[in-house]
Amino acid sequence: MPAPLSQDMMTATDTMPDAADRRSWAEWLDGHSGRIMVLPAVIVLLCFAIFPLIISAYLALSRFALAPGGFTLKFIGLVNFRKLLVGSQQYHLLGKFGTFGFVQSAVLALIAAGLLFLLARYLWRGRPTIAGMVGRLLAAAMAMGLAALALATMAPGGVPGTVVNTLLYVFVGVSVQFALGLGLALLCGQPIRGRNFFRVLFFIPLMVTPVGIAYTFRMLADMQKGPFAPLVRAFGISEWSWATEAWSARLMVLVGDTWQWTPFMFIVLLAAIENQPRDQVEAARLDGANGFQIFRDITWPAIAPIAATVVLIRLIEAFKIIDLPNVLTGGGPGLATESMTLHSFISWRTQDLGGSAAIGYMLLFITTIVCVSFFNFVVRPARRFEA
């Protein structure tokens, strides 16, 4: 028969599992220490992000009204969205549809052909998946709908609404800002005299608040008392005011937005250009390559992932434009310069909280589809190209 265990041996045997458990727990804590340290901040941020979304979703489906001693919220379903799309607010959000002519039909047909070509190429060359096909169909449908809306409201007899104004600020504004930022970054990346001075000079507009920029451009564009008023009167056009014409007012908002955000594109793209492989550039120059060939074959492949990412960040920010059209034009003349964010703010200011929340959710939907599509179709391919 085996000898009985002593009291000390029994005690050591009982404590061994506890020690092993403590060691495994300590190892688990050590392996997940980074996540545990970040978890409290993530929870706080999620609370501040999710709670407003839930409240605004309930507001979008309700009608707010003041009442003695407080207010009332009455659940009305999709009435607020119906008013925006097919009801009394359709003119404000979507605009007035004009006559669809040959030019509009031809442009829409070209857009449809381009989207069908991209879908066919994905099915033929790529590795199609159900999720990828559904995402591309949704993005194509959104692109066709927005293109048809823009063409219909810009046709003869049409009036663009806040959706088209927002898309104009986003796509035209970001495109111009990217082109100017890239050009300035390429210029300041060259060994020229005074480039450090120009780097600081080009970055200054980004440090000014949007409201300050709006008031500055409002003063500069004053045709009666502004600094350019004598020059305008010298050409005999002192009676003209840009604020009374729809497209000139939109152009002024785009100019102010471009002046403010081009430095953001410039500083990020400059950093990317200066981090490109210098040995490849020097080797290309020794081989007789010109500036365009160096940019096409070396510089652009090196900065493409960063360029795509910075455009994505700017797209998200551009959808929220409100300061410039609010201060510079007040959304006018009429609704010519009013963005969706300003539309939502005006509805909130008039205590139409349900309508304001509905506009915000429609803006969230459009922004999400556009930015997710841009990320999947532009940013991710650029990153794979870099790898």
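The following dialogue examines salt bridges and a strand pair in a predicted model.

Student: Why is the contact of Asp257 with Arg314 called a salt bridge?

Tutor: The criterion is a side-chain nitrogen of Lys or Arg within 4 Å of a carboxyl oxygen of Asp or Glu. The closest N and O atoms of Asp257 and Arg314 are 3.0 Å apart, so the pair qualifies. Asp257 belongs to helix H11 (residues 246–274) and Arg314 to helix H13 (residues 291–318), so the salt bridge ties together parts that are 57 residues apart in sequence.

Student: What makes Asp257 and Arg314 count as buried or exposed?

Tutor: Buried means under 20% relative accessible area. Asp257 has 5% and is therefore buried; Arg314, at 1%, is likewise buried.

Student: How do you know which class applies to Asp297 and Arg296?

Tutor: Partly exposed residues fall between the 20% and 50% limits. Asp297 has a relative accessibility of 48% and Arg296 one of 43%, so each is partly exposed. These two residues form a salt bridge, with their closest N and O atoms 3.2 Å apart.

Student: Why are strands S1 and S2 called paired?

Tutor: Pairing requires at least two bridges. S1 (residues 62–67) and S2 have 6, in the antiparallel sense, so the requirement is met. Among the bridge partners are Arg63 and, in S2, Lys74. The hairpin of S1 and S2 has 2 residues between the strands, and Gly69 takes a positive phi near 85° there.

Student: Why is S2 said to lie largely in the open?

Tutor: Of the 6 residues of S2 (residues 70–75), the number buried is 0, which supports that description.

Technical notes: Residues are numbered from 1 along each chain as its sequence is written. This is a predicted model: local features need pLDDT of at least 70, side-chain atom pairs count only at pLDDT 80 or more; totals for chains, interfaces and linings use all residues. Side-chain values use heavy atoms; hydrogens and water are left out. Buried means under 20% relative accessible area, exposed over 50%, partly exposed in between (1.4 Å probe, protein chains only). Helices (H or I, at least four residues) and strands (E, at least two) are DSSP runs, numbered from the N terminus.
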